[in-house]
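The following account leads the reader through the structure, from the packing of helices to the spaces enclosed between the chains. Please keep the sequence and the model in view while reading.

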Amino acid sequence: MLDLLARLGHNGLKKLEAFGSAGIILMQSLIARPQPATMLPLVIKQIHFVGVLSLIIIVVSGLFIGMVLGLQGYTILVDYGSEQAVGQMVALSLVRELAPVVTALLFAGRAGSALTAEIGLMKATEQLSSLEMIGVDPLRRIVAPRLWAGFICLPVLATIFSLVGIFGGALVGIEWLGIYEGSFWSNMQNSVDFSEDILNGLIKAVVFGFVVTWIAVFQGYDCVPTSEGISDATTKTVVYASLSVLALDFVLTALMFGDL
Amino acid sequence: MDSFDDVIIDIKQLSFSRGERAIYDNVDIQVPRGKITAIMGPSGTGKTTLLRLIGGQLMPENGSILVDGKDIPRLNRRELFKMRSRMGMLFQSGALFTDISVYENVAFPMRVHTDLSEEMIRDVVLMKLHAVGLRGARDLMPSELSGGMARRVALARAIALDPEIVMYDEPFAGQDPIAMGVLVNLIRRLNRALGHTSIIVSHDIQETLAIADYIYLISDAEVVARGTPEEINNATSMKVRQFIQGLPDGPVPFHFPAGDYQSELLQDS
């Protein structure tokens, strides 16, 4: 029993310590004299890597999720004779919830795991050490551009996800199930509020982008530089990032829409 | 114990351990300026660790590491990075940046630390690559190089800024005899012509004895012998003789600590 308590305490302290060093890494990467001339090309390269190359998976998933929403919404709403509300339902659920959450989950799997593996392998092959010995801070050179790219990309990807999803919903609703086009769009236009829905969705996306990339780069930077260490770190990135996104989503939703 | 006129790296009472195992226990090492100093010893004695301690990548538990009068463990981040720009280090694995070409790898330290024009950088890069015999490989990516070639590119990168101190971690491992001869000459030439202080970590006894001015032999967390190559060659200590001649039997055990061989074989599992 005492042993169990001791182990619990030990694990708790270790987790806390990891959280602390993740915080230190974050601060040291981001808080520094800005050097746009060296930073910008690196950030753009990373935006290409984590953002542009994630586009296909985001667009395809967005399309299918929009189509499914349209179909499911229709089968329920048609019983109440209010199938024109499909547009509003698709748009609200995408913009408020599904776009930021699903994008963040896909992003964690597609880009987060790649970031962790890349940084972990750089550590294993002594590239991070050799950067240090050349006199370049790997936090500024390797970690910071990846963090910025994640913050920038996720809101953009979530927006694209919403747009494609709405298109998918319209495709199913209007073209296939024959909902009247005018009421589909005007219902959507009337119900989606910019600050209430779109802005809150974007805030979620920014927060998720921050959390997912932070976890990914920390796991890579902190991993044990062996093959098992890297595979372990990659798994942790996906698991921790997904759980944090889902938990944070609840917290943010409660804060944003809880008093409605 | 010899003393040198001009010491560039002065390590005093250094202690460092990994977990329970002491890597260094109260060790003193002086590296003379402008000379080639070799650190030798059986594997696992922490020779690479010593280079990392000098480079400030690891912190000692005790003792001071003075590089040109500055105590490395007590420098702040900025001072440390400044100090590192005066050091070059050749890593055991080469540690080339895999996302940029050979040319860009060698140019990297110059782009970071200097404002040289693109033409100047090009000239220096080609000179350094020529010195290691790989000028023709400048457009290759690190993944296209063999292990030995990668190490030579890494050497070109380590000396790109003509640092005052160059640390070589196993420079001869994995080189064919021709490249080995060229590297030995290159290290010697760099040292004589430019006055670099060189620290070589190596097991390759003949090559190291041939170029080193001064040798430290490390075993069991201590310096077991120090001296010029002649002194090491003529040492009478059994430990030193065993290492120099590569004998399996002697005071340095070949086997990792284990139980009795015969009884372990006969034992039921």
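In this predicted model, helices α3(B) and α4(B) cross in a right-handed sense. Their axes lie 9 Å apart and make an angle of about 120°. At that angle α3(B) is oblique to α4(B), because the oblique class takes in angles that are neither roughly parallel, roughly antiparallel nor roughly perpendicular, the last of these ending at 115 degrees. Helix α4 of chain B comprises residues 118-131, while α3 of chain B runs over 102-113.

Both helices fall within a stretch of chain B that carries a record annotation. An unreviewed UniProt entry assigns "domain: ABC transporter" to residues 9-245 of chain B. In the model, that span is 39% helix and 26% strand, and the C-alpha atoms at its ends are 29 Å apart.

Chain A is built otherwise. It has nine helices and zero strands, so that its pattern along the sequence reads α-α-α-α-α-α-α-α-α. The C-alpha trace of chain A extends over about 65 × 55 × 35 Å along its principal axes.

For chain A, the unreviewed UniProt entry places the feature "transmembrane region" at residues 49-69, 147-178, 198-217 and 238-257. Two of these spans may be examined in the model. Residues 147-178 of chain A are 94% helix and 0% strand, with 45 Å between the end C-alpha atoms. Residues 238-257 of chain A are 100% helix and 0% strand, and here the end C-alpha atoms are 28 Å apart.

A pair of helices in chain A also merits attention. Two packed helices are described by the angle between their axes and the distance between the axes. For α6 (residues 138-176) and α7 (residues 181-191) of chain A, the axes come within 10 Å and cross at roughly 150°. The two helices are therefore roughly antiparallel to each other, the cut-off for that class being over 145 degrees. The crossing of α6(A) with α7(A) is right-handed.

Attention now turns to open space. Which elements give two or more residues to the lining of the largest pocket? The largest pocket has a volume of about 1,200 Å³. Among the 35 residues of its lining, A:Q35, A:V136, A:D137, A:R140 and A:R141 are the closest to the centre. The elements that contribute two or more residues are α2 (36-51), α5 and α6 of chain A, together with α2 (77-84) and α3 of chain B. The largest share, seven residues, is supplied by α2(A). By class, the lining of this pocket consists of 16 nonpolar, seven polar and twelve charged residues.

Enclosed space can be treated in the same manner. Rolling a probe the size of a water molecule over the atoms shows where empty space is left. Across the whole structure, three cavities of 30 Å³ or more are found. The largest cavity has a volume of about 140 Å³. It is lined by 16 residues, of which A:I134, B:M87, B:G88, B:R157 and B:A158 are the closest to its centre. At least two lining residues each come from α5 (127-134) of chain A and from β6 (87-90), α3 (102-113) and α5 (147-158) of chain B. The lining of the largest cavity divides into ten nonpolar, four polar and two charged residues.

Helix α3 of chain B thus returns in both settings: α3(B) contributes to the lining of the largest pocket and to that of the largest cavity.

Methods: Residues numbered from 1 in each chain as written. Chains lettered and ligands numbered in written order. Predicted model: local features only at pLDDT ≥ 70, side-chain atom pairs only at ≥ 80, totals over all residues. Heavy atoms only, no water. 1 Å grid on protein atoms, 1.4 Å probe; cavity = no way out; pocket = protein on both sides within 12 Å on 5 of 7 lines; lining within 4 Å. Points joined across faces, edges and corners; volume = space filled by probe spheres on them. Helix = DSSP H or I, 4+ residues; strand = E, 2+ residues; numbered from the N terminus. Nonpolar A, V, L, I, M, F, W, Y, C, P; charged D, E, K, R; others polar. UniProt positions renumbered as here; feature names shortened; annotations may be inferred. Axes fitted to C-alpha atoms, helices over the stretch in contact; angles between N-to-C directions. Parallel < 35°, antiparallel > 145°, perpendicular 65-115°, else oblique. Left-handed = near helix turned anticlockwise from the far one by under 90°.
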